[in-house]
Amino acid sequence: MKRHSLIALLLALSAFALLGGCKDAPSGGSNNSAGGKKMTIALLPKSKGNQYFATVEKGARAAATELGADLLYDGPTNTDPAKQNEIVEGWVNYGVTVIAAACENKEGISAALKAAQDKGIKVVTYDSDTTTDARSFFVNQATAEGIGNTLMDEAARLTGEEGDFAIITATLTASNMNEWRKHIEARLKEKYPKMKLVDTKPCDDQKDKAQQEATNLLSAYPNLKCLMAICSPAVPGAAEAVKQAGKAGAVKVLGLGLPSENKAYVKDGVTQSVILWKVEDLGYLTIKAAAAVAAGSLKAGAAEFDAGKIGKMEIQGDNVLLGKPFIFNKENIDGFDF
Amino acid sequence: MGKYFRELSVAAALVLLLVVLAGIAPAFFELQPLLSRLTAQTPALIVAVGMTLVIICRQIDISVGSQFGVCAVVAGLLAAAGLPLSVVLLASMAAGAAMGALNGWLVAGLGLPSIVVTLATMVTWQEALRLFQQGKFINLPAGVQWFGLAQQRGQLTLIATAVVLLTCAAWAMKNLAAGRHVYAVGTDAEAARLAGINPRGITLGVFILLGALAGLAATLNIVQSPQVDPKAGGGLELKAIAAAVVGGVAVNGGRGNLWGVFVGLLLLATINPALTYLHVEAYWEKAIQGLVILLAVVADGIRSRKGGAK
Amino acid sequence: MSQPAPFFKTLLARPEAVLLFVLVAELVFFSAVGRNFNTADNFANIVRHSAEIGLLALVMMPIILTGGIDLSVGSLLGLCAVLFGVFTHEWHIATPLAAALTLVVGAAAGGLNGGLITGLRLPPLIVTLGTFSLFRGLAEAITKGTMTYKDFSPAFLALGHERALGLPYQGWLFIAIAVAISVLVHRTTFGRSFQAIGFSPEGARYAGLPVQRRIATTYVLAGFVAALAALVFTARLRQARADAGSGYELQAITAVVLGGTSIFGGVGTVGGTVLGVACVAVLTTGLKLIPAIALQGIGSELGSLLTGALLIFALAGGVLAKSLAARRARRQSLAKPQPQPIT
């Protein structure tokens, strides 16, 4: 028994030694593809199995087909904060030409992206940025500051700039949402002294949990004037709670979400504003820009980028602008189907 | 007192919490939010009933949250296709029972450990569902929500369904041969076999039942709002197991009472809203929940050690 | 039964041998179809990405061997990472001392598990389910969920990124802990008692073993190594946050059980656990390097699905092999009548 287990251990360790002692591939292999004809673009979402990024992927695939490039799409399927880094490090080894990343965690991933750049892989970011030295361009649909300010300004507009409001977020540790919360609170302090943020609740990215949290908030804070949902499942969740409490219109609902998930509530006047951008266009533009950076046709200092079927996009500094966040409301929501 | 010490002490903790809330935040007892909260717990209660039987049988099922998610999407797609709710319910329960049967077959038929089997099936269903649905919500037609009833009647119907089911299950566990057989298998499968009980059949049965109940719970969940979230069910397994444990069900089988589980679930489900009403910051929630679970088992442990020393 | 069986037959009946075969098959397959699989960088990736889960699996193994389980190791990793951040950034303690302090806290937290389990004879599943919530909850409460500690000293970050002799530092750490645990479990009287306890706690007690104290030791060890894993994790991600290690407990249990350790206790080897960790790590990394799979965008999901399938097949295969052996034994004993125990 003893000897067998020792043999097994030795075998196991020698297997590892075998792995470690393997031959070096010539310079990480990124030149495997750079020399080839076909470009490989890797697209990293913040999480998989999420309709927002599934829509981004749709736009991205359209662009990749147009360009005749290979598109890799992979991302975290659970809450492990190390997963994005692991996927990027895997891609570096795979030998992709360019990586387009939506960063769940600004600083957390920057080192992995810088390591990719050191291997000659181009990096652009989209949706949410990393540190500026870890990528060439940020395909900017909205900065964290822009999102925070838009949400806060819209909440102020809906409530007449006074009263209590509460935030529903995905999880307390989601760093991009924490970034938005920071800007929301800064804007609040700066511009709206008569408004008060009474509570912030996590909903574990689940609609039902968001609905329960909202139900509790509505009765625990009877002066609540507005619910701000900053993750997409929380917007319909909060709206359903307001509807069931019979407070439609009296308590405003706004948030970051998809038109398709909120259409009914917006039309019924439960949800006032859903803020988002053209998600499919974001995926399309990201891939176009990533390919242009890799091919060298999009360089620092450019003032404009021709993104084919969605038109010419303005560039400010190192940000390719998709355009301002869009506010969906009763009047315009029927025109969108994602 | 002696026999029901655990159930009563959990009930006492719950009453204490409710009294505190009545004093500090009477808004907690407003009818509409109270009804909403209770309604929202009905799926968890139904799953906890099934989980309790599995644990009494000395097994465990951590795949139930994934099963719930699959059933919710099955039910949602069929309801969105316009099928009547009775068909939706049957299909959802059948899907759940089939997944439960797979677990049961691997555990009872092949003799594999349930915690490992259900760990594997949990991952399998979850990833398969993610690939299939990509997180997309399903919009339901009008008339599905609250079975087409008025909101309050719908909520009362759901609560009544869950309580009736709990009562029947509690009665059956005590008075029907099949119920007592579950305890017998959980206490000592070999002795049960010698006594003429079929332990494999019972084990397979409780897994199928839990699956079917997950299907029922999923259907009762989708009628609470006009949309189905495919991520519903995440963490449900831990909630059900925690409710059973706090309610006094022994994880090594053979002991447990469904009314205790009911009280355990109510206590755990009260903590979260209580924090909101008492204006406690949300980041304390998990720590407090863990503390409650530990206190419940520690109290039980101290008491049983004292009892043993006598 | 007492007749020595041919070497290769006993080898094939062992789960380690099957796993080794699976591992070699994986390596050959991925080398053939994977892109840049057979490179030093890729193996460094595999080692770096699985070191923390591997460390947790190594200490989960003795616990499961005694018939216990620890669901709290992932949460404890998160708590220790956050505490390390507090020690270095808020209390301004020097990194080595802060690391040592973190290890002490980890061992103490493991001691809490062990104390409750053995002192009050509570089921490990329940106690660690409670601390699973408690440890993660404390990590969130300390950081209010939002605080992230970054800017650790470069010397410390090297632990997560540098290599020595071609193997990443955390790979050496993993080997050192693997050898230490293997010697402890298989070579010392102290550690061999884990197996005896898992095989029959009553028997072990009658044999004069201090069963409860030995069991408590395994949890303290788990806490200590979970803290070590927290340091490795922090160095690799260059930051400490309350959600570090989410879900790692289940992945560690998967590796241990895949490695042939019985979840009921009493059977298992450290070598098997190492192989279990390696099989999962190579599988999930290799799949993503197959162009056809990467292009479909299903690498992560497929990795989880196949790990689940591998787990079921490994277990079912073991049961099947056992029942075939039993059947053969019965046939032989029918040919040469012997008294049969009633089963």
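The legends below accompany several close-up views of a predicted model.

**View 1. Chain A as a whole, in the predicted model.** Chain A holds eleven helices and 14 strands, and of its 338 residues 62% are buried. When contacts in chain A between residues at least 6 apart in sequence are considered, 70% of them join residues at least 24 apart. The area that chain A exposes comes to about 12100 Å², and carbon and sulfur atoms supply 51% of that area.

**View 2. The largest cavity and the residues that line it.** A search of the whole structure finds seven cavities of 30 Å³ or more, and the largest cavity has a volume of about 100 Å³. From chain A, the lining of this largest cavity includes Leu72(A), Tyr73(A), Asp74(A), Ile87(A), Gly90(A), Trp91(A) and Tyr94(A), while from chain C the lining includes Lys288(C), Leu289(C), Ala294(C) and Gly299(C). Taken by character, the residues of the lining of the largest cavity divide into seven nonpolar, two polar and two charged.

**View 3. Elements of chain A beside the largest cavity.** The elements that give two or more residues to the lining of the largest cavity are strand S2 (70-73) and helix H4 (83-94), both of chain A. Of the elements, H4(A) gives the most to this lining, with four residues.

**View 4. Cys226(A) and the cysteine sulfur nearest to it.** Counted over all chains, the model has zero disulfides, and Cys226(A) is accordingly in no disulfide. The nearest cysteine sulfur to that of Cys226(A) belongs to Cys231(A) and is 15 Å away, whereas a disulfide calls for two cysteine sulfur atoms within 2.5 Å. Cys226(A) has a relative accessible area of 0%, and it therefore counts as buried.

**View 5. Cys279(C), a buried cysteine of chain C.** The relative accessibility of Cys279(C) is 0%, and because buried means under 20% relative accessible area, Cys279(C) belongs among the buried residues.

**View 6. Ala316(C) and its contacts with chain B.** Ala316(C) has its place in helix H15 of chain C, which covers residues 299-335. If its neighbours within four places in sequence are left aside, Ala316(C) is in contact with Leu110(B) and Leu112(B). The relative accessibility of Ala316(C) is 17%, and since the limit for a buried residue is under 20%, Ala316(C) counts as buried.

Definitions and conventions:
Residues numbered from 1 in each chain as written. Chains lettered and ligands numbered in written order. Predicted model: local features only at pLDDT ≥ 70, side-chain atom pairs only at ≥ 80, totals over all residues. Heavy atoms only, no water. 1 Å grid on protein atoms, 1.4 Å probe; cavity = no way out; pocket = protein on both sides within 12 Å on 5 of 7 lines; lining within 4 Å. Points joined across faces, edges and corners; volume = space filled by probe spheres on them. Nonpolar A, V, L, I, M, F, W, Y, C, P; charged D, E, K, R; others polar. Buried < 20%, exposed > 50% of the residue type's maximum accessible area, 1.4 Å probe, protein only. Contact = heavy atoms within 4.5 Å. Areas by Shrake-Rupley, 256 points an atom, 1.4 Å probe, with all protein chains shown as cover.
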